Amino acid sequence: MPAPYGNLNNNKYQPEYAQQAYKICLLGARDRDLADFFEVHRDTIHHWGKLHPEFEQAKRNGKMKADAEVAYCLFQRAVGTTIKKQRVTLKGEVIDTVEELPADVRAMEFWLKCRNRQNWNPKQHIQLSGDAHHPLAFLLEEVEKEAEESSALPR
């Protein structure tokens, strides 16, 4: 059962928790997942990190290594790669094959958006020109003309 909210003085910490946290973080665990694993509140995980630098370092190293592995795989997918596979024939023979994976446009796009937001930002910036006091004056003029030409009663 998790510790009650705000229980920062949980003395359940054991030295072997640092190695366990490292391994769990390699699998992509977040602080919330660590709290569930150790059966404590997430605040306790933060508190342990402050009290035990080896625990905080193990957490950080595990997360960094997992992120680096994913980034490497994303990069390989973006530029294309060669993978080795094994195939089993109808006769039961195992054949080693090499498969070329072409570059993936979506992986490229994602990579570039994350690495270089200034040049690969999907948001378009549109600047409208107009009077300095009324930047949208040209729109107001069109609305005014339509209002003058139309009748006051609905058709």
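## Glutamate 56 and its partner

Glutamate 56 is partly exposed, and its relative accessible area is 22%. That places glutamate 56 just inside its class, because buried means under 20%. Keep in mind that this is a predicted model, so each value here is computed from predicted coordinates.

Glutamate 56 makes a salt bridge to lysine 59, with 3.4 Å between the closest N and O atoms. Both residues belong to helix α4, where a spacing of 3 residues puts them about one turn of the helix apart. The pair is also part of something wider: through shared salt-bridge partners, Asp31, Glu56, Lys59, Arg60 and Lys63 become one network.

## Lysine 59 and the link between helices

Lysine 59 has a second acidic partner to look at. Its side chain meets that of aspartate 31 in a salt bridge, at 3.4 Å from N to O. This contact ties together distant parts of the chain, as lysine 59 sits in helix α4 and aspartate 31 in helix α2, 28 residues apart.

Are the two ends of this bridge buried or exposed? Lysine 59 is buried, with a relative accessible area of 4%. Aspartate 31 also counts as buried, at 13% relative accessibility. Both charged residues therefore fall under the 20% cut-off for burial.

## Another bridge, at arginine 30

Next to aspartate 31 in the sequence, arginine 30 has a salt bridge of its own, to aspartate 33, and the closest N and O atoms are 3.4 Å apart. Here the accessibility is of another kind: arginine 30 is partly exposed at 45% relative accessible area, and aspartate 33 is partly exposed at 27%.

How many salt bridges does the whole structure hold? A search finds 7, and the ones described above are among them.

## The nonpolar core

Now for the nonpolar side of the picture. In soluble globular proteins, nonpolar side chains tend to be buried together. In this model, the largest nonpolar core has 15 residues, and those with the most contacts inside it are Leu34, Phe38, Ile45, Trp48 and Phe55. Helices α1 (17-26), α2 (31-38), α3 (42-51) and α4 (53-79) each give two or more residues to this core. The largest share comes from α1, with 5 residues.

Isoleucine 45 is a good place to zoom in. Leaving aside residues up to four places away in sequence, isoleucine 45 touches Asp31, Leu34, Ala35, Phe38, Val40, Phe55 and Lys59. Among these contacts are Asp31 and Lys59, the two residues that meet in the salt bridge between α2 and α4.

Terms used
Residues are numbered from 1 along each chain as its sequence is written. This is a predicted model: local features need pLDDT of at least 70, side-chain atom pairs count only at pLDDT 80 or more; totals for chains, interfaces and linings use all residues. Side-chain values use heavy atoms; hydrogens and water are left out. A nonpolar core is a set of buried Ala, Val, Leu, Ile, Met, Phe, Trp, Tyr and Cys residues joined through side-chain atoms within 4.5 Å. Buried means under 20% relative accessible area, exposed over 50%, partly exposed in between (1.4 Å probe, protein chains only). Helices (H or I, at least four residues) and strands (E, at least two) are DSSP runs, numbered from the N terminus. Contact means heavy atoms within 4.5 Å. A salt bridge is a side-chain nitrogen of Lys or Arg within 4 Å of a carboxyl oxygen of Asp or Glu.
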